[in-house]
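Hi,

Here is the structure I promised to pass on to you. Have a look at it first, then read my notes underneath.

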Amino acid sequence: MSLARRSVLRGAAGAGAAGVGFAAVGAVPSLAEATPRPQHQPFPSHRPFPPLMDDPKGLLALPPGFKYTVVTHAGETKLKSGQPTPALHDGTAAFDDGRNYLLIQNHEIGANDPLGVPQIAGTVYDAGVGSAGGCTVISVDKDGRNRGEWVGISGTLTNCAGGPTPWGTWMTCEETESKANGSTRLKDHGYVFEVWADGETAHPVPLKALGRYAHEALAIDKSRTHIYLSEDASGPNGLFYRWSAPRGYKLSSESWKDLADVDFGTLEAMAILGDDGKPIPDVAYLTSAQLLRPFRVAWVPVSDRDAVSVSVRKQFTDGQVTRGKKFEGVYGTDEGVYVVNSFAEGGSADLPADAVPHDGMVWFYNYEAKTIQLVTYFPESAAANKGTEAKYNDYNFDGPDNVTVTPWGSLVLAEDGNASSHVLSSTPGGPTYAIARNMLNDSEFTGPTFSDDGKVLFVNIQTPGITLAITGPWRDYLG
């Protein structure tokens, strides 16, 4: 995510989205299921989290019965190579090696930095950028203690979010469009890279088939034939993309070799179709009045995915695609994929004059129905947008960013808004609750990801860069 407004993720999705939204936690209706029913449909059964309790250490407010452990702290904990833990923690995936949890973590650093990811031989993409962005891998025991961390990829820029693969790796996304300049950048940037957790495998190869633009996050579908990707950009606003494999091809652990070819498969941008069958120009034309209503989606081919002369999003006219301010977090289930828009401020040049400002939207794209639905909506809060702390601090939310699906099918969102920052529990079509608050500073939360066993929620405070392992009775509130 971009730092402009202020200053994954489990390894396997497995979350169900079958049934009607008001009938089961995490459920999102398909087009056929959205037919009105005569009987009353109650909201999903979801136990509210109790009020947050301030932390005597001034770091993380949590509900009663929950506790945290600091796993890494930028500049204080150390890599196995001896260098300090890099700063600006972002998108994160959690895997299980049978004994410990393994976290693969992005660092959203855009230039040579004292706390950048050190360039370790074999992991380097672009030697010219120095210690900049990249990924580290952290081994964490079942009690949340750090058992060692090392570099997974280096020499990349502004590694924002990404997504886990079905074969146990992480795809990290560069949120930039910077091209080579012959000095501080020896190569073009704005790509996706695959990262391995074993500490031995590294292929710092750009996956050019997925396009060169300000990537945010991605998800691979159950069939292993599509990848869905978000773009956090403005002037004009970014797009939501779908990469499709050639007929008969399925993604695998060796696909990085094929995806390195810019012409492999097809890349398309999303168009949400209105009742007249034409693309809705921007997601901000839709509001909470359309909550859970399915809209048909069309996919429009990208002509030059490597953006040789024109940015990918600028290759489309406004009548061809649906744009959105700050397309951010992406997370896939067996049935579809969630994607987040963080906000669209009133009076902004990136908001169409007749569209509606908002402080957050979460969408669900249904693979089979080929429809998209708004499942969570935060109306604009003028006070929050001025950076003023709300009187009722833990009821007012804005700026959702990273998203993950819990082992029980509900969502966890990380706020990147104004005033206080929260980690949120959200039921599609239902309520949202605060489950943590940053007491240290006003930095955003990033990279929420549950361990596969559902015991630990890992999350980061991006600045200065702190990874936290939160434990407690998760099933009681999310199950």
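Below is what turned up, topic by topic.

First, some ground rules. This is a predicted model, where local features need pLDDT of at least 70 and side-chain atom pairs count only at pLDDT 80 or more, while totals for chains, interfaces and linings use all residues. Residues are numbered from 1 along each chain as its sequence is written, and side-chain values use heavy atoms, with hydrogens and water left out.

**Cysteines**

How many disulfides does the structure hold? Zero. As a reminder, a disulfide is a covalent bond between the sulfur atoms of two cysteines, and here a pair counts if the sulfur atoms are within 2.5 Å. Cysteine 135 misses out because the closest cysteine sulfur, in cysteine 173, is 9.5 Å from its own, too far for a bond. For the sulfur of cysteine 173, the closest cysteine sulfur is in cysteine 160, and at 8.0 Å that is also too far for a bond. Cysteine 135 is buried, with a relative accessible area of 0%, and cysteine 173 is buried at 0% too. (Buried means under 20% relative accessible area, exposed over 50%, partly exposed in between, with a 1.4 Å probe and protein chains only.)

**Sheets**

Strands (E, at least two residues) and helices (H or I, at least four) are DSSP runs, numbered from the N terminus. Two strands pair if DSSP finds at least two bridges between them.

One open sheet has four strands in the order β3-β26-β25-β24, paired antiparallel. Its edges are β3 (67-73) and β24 (445-450); each has a single partner strand, so one side of each is left without a neighbour in the sheet. On average, neighbouring strands of this sheet are turned by 20° against each other, direction ignored. (Axes are lines fitted to C-alpha atoms, for helices over the stretch in contact, and angles run from 0 to 180 degrees between N-to-C directions.) Six bridges link β3 to β26 (residues 466-471) in the antiparallel sense, and threonine 72 has threonine 467 in β26 as its bridge partner.

Another open sheet has three strands, β8-β9-β10, again antiparallel. Here β8 (159-164) and β10 (192-195) are the edge strands, each pairing on one side only. Neighbouring strands in this sheet are turned by 30° on average, direction ignored. Between β8 and β9 (residues 170-174) there are four antiparallel bridges, and glycine 163 is partnered with methionine 171 in β9.

Then have a look at β14 (residues 266-272), where six of the seven residues are buried. It runs antiparallel to β13 (residues 240-244), joined by four bridges, with arginine 242 opposite glutamate 268 in β14. Five bridges join β14 to β15 (residues 294-301), also antiparallel, and isoleucine 272 stands opposite valine 297 there.

**Two residues to click on**

Is aspartate 398 buried or exposed? It is buried, at 2% relative accessibility. You'll find aspartate 398 in the loop between α2 (382-385) and β20 (400-405). Its side chain reaches the backbone nitrogen of asparagine 418 at 3.0 Å.

Proline 379, in strand β19 (residues 371-379), is exposed at 55% relative accessibility. Not counting residues up to four places away in sequence, proline 379 touches His358 and Asp359, where contact means heavy atoms within 4.5 Å. Proline 379 and threonine 287 are 92 residues apart in sequence, yet 8.4 Å apart in space, C-alpha to C-alpha.

Cheers

Key: Polar contact = N/O pair within 3.5 Å; in protein donor to acceptor, adjacent residues only side chain to side chain.
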